[in-house]
Amino acid sequence: MGACLLCGLTSIAQNVSLQPPPQQLNEQGKTLSLPAIYRIEGEKEANPHAVKALQGILTGKQSTKEGIRIYIGEKGDKSVRKYNKLIPKHEEGYYLAVNDKEIILAGNDERGTYYAIQTFAQLLKEGKLPEVEIKDYPSVRYRGVVEGFYGTPWSHQARLSQLKFYGKNKMNTYIYGPKDDPYHSCPNWRQPYPEKEAANIRELVEACNRNRVDFVWAIHPGQDIKWNEEDYQNLVNKFNWMYDLGVRSFAIFFDDISGEGTNPNKQTALLNRLHEDFVKVKEGVSPLIVCPTDYSKLWANPTPVSY
């Protein structure tokens, strides 16, 4: 004879509303109370950011011997191995189930597990959880924001606040490229950030890691770049300084420029060389993101000899 481990089982269905809407959502028409005592299975194996986020949501007492079992982990982990076939075979996908016997938060990868926690947090309302089964994964690979405008850049605190929002809403990319940051663009793109600004960049990278967002640092050198060895080394040096601050994803913007910097052959040669000398050599660096000079049909002139 089994006992209900979630107290307060009712027949009143909670109105389930999730953003973004999951790929599959099955509601059982019951509402359950958040457990007063729980056991986390997989705590040491699972994505540590996801585990910490889960512990921040739960208000009951964590036990090692009693309470409802909460299974958390990535596909292949011992804690969720029996649910492997239920986990969507998509990047950042996850399987989530809430019933009166157990709670399952299983990701196809670490980010998927983190997203399962964000959905779990949305499900929880006034200490109640709907009995549900969810299979979810993103339809769009890159989801996020480019801070690439002219004018006053966002404040450091505004960026930190937004990164929390991105994580909660399963956005995975933040591209830092405010045009009026002089160390991103002219005149100081060749120079390292001053101490305070460098510390802010490092803090943003750490915040992105906590919220499972890729921090992409962009450089905008085209307005005054010189196509010579000195400026190539200036660019590599700047990337190395940013790498030391924790940056692992980089972008190069060639938009909104004029003059020799717009030369497409020079741009291509630079990008190919950077790929060989930096991206392939430095551990953990993602493929470069590039904004070309002619990125819109509004002013592009597509001919065999044009950009």
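This section describes the fold, aromatic contacts, largest pocket and backbone geometry of a predicted model of a single chain.

The predicted chain comprises 6 helices and 12 strands. Its C-alpha atoms occupy a box of roughly 80 × 45 × 35 Å along the principal axes. Of the 307 residues in the chain, 46% are buried. Contacts across the chain are weighted towards long sequence separations: among those between residues at least 6 apart in sequence, 72% join residues at least 24 apart. The average pLDDT of the chain is 92, and 95% of the residues reach a score of at least 70. Residues 1-13, by contrast, have a pLDDT below 50, although this stretch has 29 contacts in the model beyond near neighbours in sequence. Where pLDDT is low, predicted coordinates should not be read in detail.

Aromatic side chains form 14 pairs in the model. One of these joins Tyr 183 and Tyr 193 in a tilted arrangement, with 5.4 Å between the ring centres and an angle of 40° between the planes. Both tyrosines lie in the loop between β9 (173-176) and α4 (195-210), so the pair ties together parts that are 10 residues apart in sequence. Tyr 183 and Tyr 193 are both buried. A further pair, Phe 250 with Phe 278, is edge-to-face, its ring centres 5.2 Å apart and its planes at 90°. This pair links distant parts of the chain, since Phe 250 belongs to strand β11 (residues 249-253) and Phe 278 to helix α6 (residues 264-279), 28 residues apart. Phe 250 is buried, as is Phe 278. The residues of both pairs belong to a cluster in which ring pairs link Tyr 183, Tyr 193, Trp 217, Phe 239, Tyr 243, Phe 250 and Phe 278.

Two cases of a charged side chain placed over an aromatic ring were examined alongside these pairs. Arg 248 lies over the face of Tyr 243, a member of the ring cluster, at 3.5 Å from the ring centre. The charged end of Lys 179 is positioned over the ring of Tyr 150, at 5.7 Å from the centre of that ring.

The largest pocket encloses about 520 Å³ of space. Its lining consists of 25 residues, and those nearest the pocket centre are Arg 111, Val 213, Asp 214, Ser 249 and Ser 286. Four elements each give two or more residues to this lining, namely α2 (110-123), α4, β10 (214-219) and β11. Strand β11 thus appears both in the pocket lining and in the aromatic pairing described above, through Phe 250.

The environment of Val 98 was considered next. Val 98 is situated in strand β5 (residues 94-98). With a relative accessible area of 1%, Val 98 falls below the 20% cut-off and is therefore classed as buried. Leaving aside neighbours within four places in sequence, the residues in contact with Val 98 are Leu 32, Ile 103, Phe 120, Leu 129, Pro 130, Glu 131 and Val 132. The C-alpha atom of Val 98 is separated by 9.8 Å from that of Glu 27, a residue 71 positions away along the chain.

Several backbone features were also identified. The peptide bond from Gln 19 to Pro 20 is cis, with omega near -5°, and Pro 20 is located in the segment before β1 (24-33). The bond from Cys 186 to Pro 187 is likewise cis, with omega near 10°. Pro 187 is placed in the loop between β9 and α4, the loop that also contains Tyr 183 and Tyr 193.

Positive phi values occur at two non-glycine residues described here. Glu 126, in the loop between α2 and β7 (128-136), has phi near 55°. A relative accessible area of 83% places Glu 126 over the 50% cut-off, so this residue counts as exposed. Asp 256 has a phi of about 55° and is found in the loop between β11 and α6, the two elements that carry Phe 250 and Phe 278 respectively. The relative accessibility of Asp 256 is 38%, and the residue therefore counts as partly exposed.

Note on methods: Residues are numbered from 1 along each chain as its sequence is written. Side-chain values use heavy atoms; hydrogens and water are left out. pLDDT is the predictor's confidence in each residue, from 0 to 100. Contact means heavy atoms within 4.5 Å. Rings of Phe, Tyr and Trp (its six-membered ring) pair if their centres lie within 6.5 Å; planes under 30 degrees apart count as stacked, over 60 as edge-to-face and the rest as tilted. Buried means under 20% relative accessible area, exposed over 50%, partly exposed in between (1.4 Å probe, protein chains only). A charge sits over a ring if NZ of Lys or CZ of Arg is within 6 Å of the ring centre and within 35 degrees of the ring normal. On a 1 Å grid over the protein atoms alone, a cavity is a set of points where a 1.4 Å probe fits but cannot get out, and a pocket is an open set with protein on both sides within 12 Å along at least five of seven lines; lining residues have an atom within 4 Å of a point. Grid points are joined across faces, edges and corners, and a volume is the space filled by probe spheres set on the points.
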